[in-house]
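Open the model in your viewer and keep the selection tool at hand. The stops below can be followed in order.

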Amino acid sequence: MSNLAVLPIVIPLIAGVIVALFPKKRKAARIFSQILTIISTLVAAWVLYYVQQNGTVILEAGNWSAPYGIVLVADLLSMTLVLTTNIIALACVFYAPKSLSEKQEAFYFYTFYFLLISGVSGAFITGDLFNLFVFFEVLLMASYGLIVLGGERIQLRESMKYVLINLFSSMLFVTTIAFLYSVVGTVNMAQIAERIGEVEQTGILTTIGILLFFVFGTKAALFPLYYWLPKPYITPNPVVSALFGALLTKVGIYSLLRVFSLIFVHNRDITHEFFVWVAALTLIFGAIGALSTNNIKMVIAYNIIPAVGFMLLGIGVYNATGFTGTIYYLVNDMFIKAALFLLAGAIAYLVGTSDLRKMRGLLHQYPLLGWMFFIAALVLAGIPPFSGFIGKLVLLQGAVEADHIVVAIIGLGSSLLILLSVIRIFVRGFWGEKDETIIADKKAARGFAWPIAFLLFFTVLLGVGAEWFYPSIESIGDYLMNPDEYIQSVLKE
Amino acid sequence: MEIVMSILAGILFTTGIYNLLQKQMLRIVIGTALISHGAHLFILTMGQLKTGAPPVLEDGISNYTDPLPQALILTSIVISFGVTSLLLVLAYRTSKVNGTDNMDKLRGNEDDE
């Protein structure tokens, strides 16, 4: 049964290889990808259920015991995120045929898509730092392919910057692993954690921790390192934007969560205190960025940044409540960012522009999209009864428990600015007099609406049905506070 | 020996970052190549450079060099090969389509405002 842990990586990988064989048969590729994504989602759900019933599943690749071989660790946290990833992928794969051009679909979109999912799932499941680097590269390579697919002028220009910043941070990651290897002599996360616990995290180890923070902070777009994010994220096709916005930065946050709840936890006055203030600055600058532009896609892209700030705040306060809030908010934010990017893409496609000043009265033509955008805006800002509310509430409760009241207030204030930035799109774009020049394309709008409604259903479910999900997410929070459990389940002492 | 190698890796990093901050696209690509050389040299150095036989099992040898960093480097080298070749093609296409290889001129704002 331990082979279960590898299924979420292997199924998309094989599917990606198979779909590469018949790229020109677009219809077959489409149906094949949809079926395979459904299968992979069901498998992920089943593995999550299995883990919930029987505890963490550890797969030692090739029967080499823990510190010597590569281990895959499917615990509750990683499987929750893998399932979320698969659900988002499901919505995206059904949205893709409507928004992709014929050429983009024929030139290996589905292969890149499956490799991206495989890389993201792998990064969530792996228990080895160098293997994490490799899975980062798998998902980044796929994302390079996706971002430049189509080869428009603006895409080429922005992907150049995207590739450069990611290449640099990957090289920094390798250097940091080299440092860590020279100090502790292993790359297995559980064993690193154990050894660092033994030597009580000396100064050099804290330095390495901060270096790792910079690496993952670049991937996750935290305060001084977010400058690369907004533009490359809005240039590709909306499906690609949705996949990026929902998954890529969240892999960075997951890595921070893992590393700073498991490995570098002994010198929190320096590391975790620092995170709280970085989180506060991320919140402020992200919210200001979202207000600074009239491009609806850009507004959504900037909104990734304060969300990441909230999650970092939960890591920084370091208590079980904070972790619980972070995970709840993380799952909610993956859904809502994907839904918002798909919505913005649909609006831009139907109206023919993403400039807010050129659209008005869209509610007359597209009532369904309009109200879905309204719900999405409320979820993003954290209005009850939707899921954003519960995540933020628990997070800020964690921050207050840890006496970070100023940062909690900054969090609340930035929520207001976030609400303003998205509701501005609703008020200016959807309200107002009917614009007679737009002829409603009802069929296209319906096609776009289904996958978005599917994602919004989950954000509402996570909010209204919080009582069903909260206990298991709370148990993840407790689990993260107690790294010994992870270490023992991997190293089997 | 580690000291010399560390300084060398440091020099590679410095020159790499200097090139990364240039305007011309090809210089930037060269900068990334230098940085990855620095990183790979660094892994080798950090695995410690004790003298020993190459890590291939043979009779009568008891002292081998550390095999793990070599495996890590090999992985990292092929990955950076892949990325560098992509980057070169990307730089070629970008300069062709946009008509310039100067990063300063690749700012453009046609999509916002």
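This tour of a predicted model goes from a loop residue to aromatic pairs and then to charges over rings.

Start by selecting A:T353, in the loop between helix 14 (320-351) and helix 15 (362-365) of chain A. Its relative accessible area is 18%, so A:T353 counts as buried, the cut-off being under 20%. Show its surroundings: apart from neighbours within four places in sequence, A:T353 is in contact with A:A348, A:K358 and A:M359. The side chain of A:T353 also reaches the backbone nitrogen of A:D355, at 2.9 Å. Now add A:N295, which is 58 residues away from A:T353 in sequence but 8.9 Å away in space, C-alpha to C-alpha.

Turn next to the aromatic rings, which make 38 pairs over all chains. Select A:W46 and A:Y50: the ring centres are 6.4 Å apart and the planes meet at 55°, so this pair is tilted. Both residues lie in helix 2 (residues 26-54) of chain A, 4 residues apart, about one turn of the helix. A:W46 is partly exposed, at 43% relative accessible area.

For an edge-to-face pair, select A:F454 and A:F458, with 5.2 Å between centres and 85° between planes. These two are in helix 19 (residues 442-464) of chain A, again 4 residues apart. A:F454 is partly exposed at 30%, whereas A:F458 is buried at 17%.

Then select A:F213, A:F214, A:F260, A:F264, A:F274 and A:F275 together; they form one aromatic cluster.

Finish with two lysines. A:K24 lies over the face of A:F107, 4.7 Å from the ring centre. The charged end of A:K219 sits over the ring of A:F136, at 5.2 Å from its centre.

Key
Residues are numbered from 1 along each chain as its sequence is written. Chains are lettered from A and ligands numbered from 1 in the order in which they are written. This is a predicted model: local features need pLDDT of at least 70, side-chain atom pairs count only at pLDDT 80 or more; totals for chains, interfaces and linings use all residues. Side-chain values use heavy atoms; hydrogens and water are left out. Buried means under 20% relative accessible area, exposed over 50%, partly exposed in between (1.4 Å probe, protein chains only). Contact means heavy atoms within 4.5 Å. A polar contact is a pair of N or O atoms within 3.5 Å; within protein, one must be able to donate a hydrogen and the other to accept it, and residues adjacent in sequence count only if both atoms are side-chain atoms. Rings of Phe, Tyr and Trp (its six-membered ring) pair if their centres lie within 6.5 Å; planes under 30 degrees apart count as stacked, over 60 as edge-to-face and the rest as tilted. A charge sits over a ring if NZ of Lys or CZ of Arg is within 6 Å of the ring centre and within 35 degrees of the ring normal.
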